[in-house]
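Student: I'm new to this model and would like to learn how to read it. Could you walk me through it, one feature at a time?
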Amino acid sequence: MLRILSRITRALTEWQIPLPNSFRILALDPMMLQLTKLARAIPAELYHGHCLGGLYVAINTAQHYGKAAGFDIEDYHPDEQCWQENEQWKPQVIHKIMEEYLPLCAFLTSASPGIQDACSDRYGVKSEVILNTYPRTEFPKEPTGIHSPSQESPARLYWFSQTIGPGRGLEKALTVISHMQTPCQLHLRGYPQTGFIEELQALAMDLGIDPARLICHQPAAADHMVELCSGHHLGLNLEETTPRNRNLCLTNKIFAYLAAGTPVWLSTTQAHQRIYEELGSAACLTDLNNPRAAATQLDTLLSNEDLYSSARTTASKLGKEKFCWEHDSELFLKLIQTHLHPNEYP
């Protein structure tokens, strides 16, 4: 029944028939009514949403009980992806939902300064930046030894996500690797999108890279991500500038690599350029559209033992002291406590 209602709502939305946002949300996710029902079964002082559907659920449930809601803006949802021609109604609906519900939140958090600024400019809301960091309990207990790259033992470049697919800079990474003097392996972890690994292997062959140096790993539990980042020479975070959300976001990869003491290879998105100033020697910022220059930067880092050792030390230090959940959770808890106990936290 919910899916039928969702299809009807979607059709009405595509025909631009005026609807309240409580109906529009069903066009995006038919489970919102069920999630709202489950949330209403739990009386609370504060309801906090995560992901776009969670914004509606948190606000709806909070209003039902006369309480407050908070929301984590983890992505810039109107431009979260490159919408297909038959999906042009989606960003309009997303915008209207955010426009109505974001100002109703008692507090907001954003997953990057870029997302924070974009939502402030468009919706006139204030938010605090809470990064997608990891708790120290998931950090490696001891530094992982790392070898100097050679033909027999290539540098291990590592990337992970839920899905291994296009639009994440992997194709451009191979082009950069093809210009490098340092022997490299590219390790990927996640669920491969149908046919994508074969496309990467074909590209590798065209670029003169042995496809055997493209190595895929099975997905793993979230609380093992940091541990699995250790033992690699570089962690890849090569987001592209489109859709706009990719230009603004800071993914959890960056902070998993730092937690593991692994230097980060960054593309030149707006978000990466901002955080690069804080990462210093722990990161290598390269223009993927200039693969020869990028290759030279990486070769310089990987071939200089003192430079590379400093990069690993800085990455580990930043992960432990700054970019960890213990640091970000203090701000998050203070936001909650300030709302629940305003007299104690003026």
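**Reading the model step by step**

Tutor: Let's start with R122: leaving aside neighbours within four places in sequence, R122 is in contact (heavy atoms within 4.5 Å) with Y76, P78 and H95. This is a predicted model, where local features need pLDDT of at least 70 and side-chain atom pairs count only at pLDDT 80 or more, while totals for chains, interfaces and linings use all residues. Residues are numbered from 1 along each chain as its sequence is written, and side-chain values use heavy atoms, with hydrogens and water left out.

Student: Where is R122 placed? And is R122 buried or exposed, or something in between?

Tutor: Helices (H or I, at least four residues) and strands (E, at least two) are DSSP runs, numbered from the N terminus. R122 sits in helix 6, residues 113-123. For cover, buried means under 20% relative accessible area, exposed over 50%, and partly exposed in between (1.4 Å probe, protein chains only). R122 has a relative accessible area of 40%, so R122 is partly exposed. From C-alpha to C-alpha, R122 and M31 are 28 Å apart in space, and they are 91 residues apart in sequence.

Student: What about T36: buried or exposed?

Tutor: T36 is buried, because its relative accessible area is 6%. T36 belongs to helix 3 (residues 32-40). Not counting residues up to four places away in sequence, T36 touches Y56, V57, N60 and T61.

Student: How do I read a sheet?

Tutor: Strands of a sheet pair through backbone hydrogen bonds, either parallel or antiparallel. The rule used for pairing is that DSSP finds at least two bridges between two strands. Here, four strands form an open sheet in the order 1-2-3-4, and the pairing is parallel. Strand 1 and strand 4 (128-129) stand at the edges with a single partner strand each, so one side of each has no neighbour in the sheet.

Student: How many bridges join strand 2 to strand 3?

Tutor: Four bridges join strand 2 (residues 68-73) to strand 3, and the two run parallel. One bridge to look up pairs I73 with S110 in strand 3. Within strand 3 (residues 107-110), F107 and T109 point one way, L108 and S110 point the other way, and all are buried.

Student: Which backbone angles should I look at?

Tutor: Most residues other than glycine have a negative phi, and most peptide bonds are trans. C51 has a positive phi of about 75 degrees, although C51 is not a glycine. C51 is in the loop between strand 1 (46-50) and helix 4 (52-65), and C51 is partly exposed, with a relative accessible area of 34%. The peptide bond from T242 to P243 is cis, with omega near -5 degrees. P243 lies in the loop between strand 8 (234-237) and helix 10 (244-248).

Student: And how do I read the whole chain?

Tutor: The protein chain has 15 helices and 10 strands. The radius of gyration is taken over C-alpha atoms, and the globule rule is 2.2 Å times the number of residues to the power 0.38. With 346 residues, a compact globule would come out near 20 Å, and the chain's 22 Å agrees. Along its principal axes, the C-alpha trace spans about 65 × 50 × 35 Å. Of the 346 residues, 48% count as buried. Among contacts between residues at least 6 apart in sequence, 68% join residues at least 24 apart.
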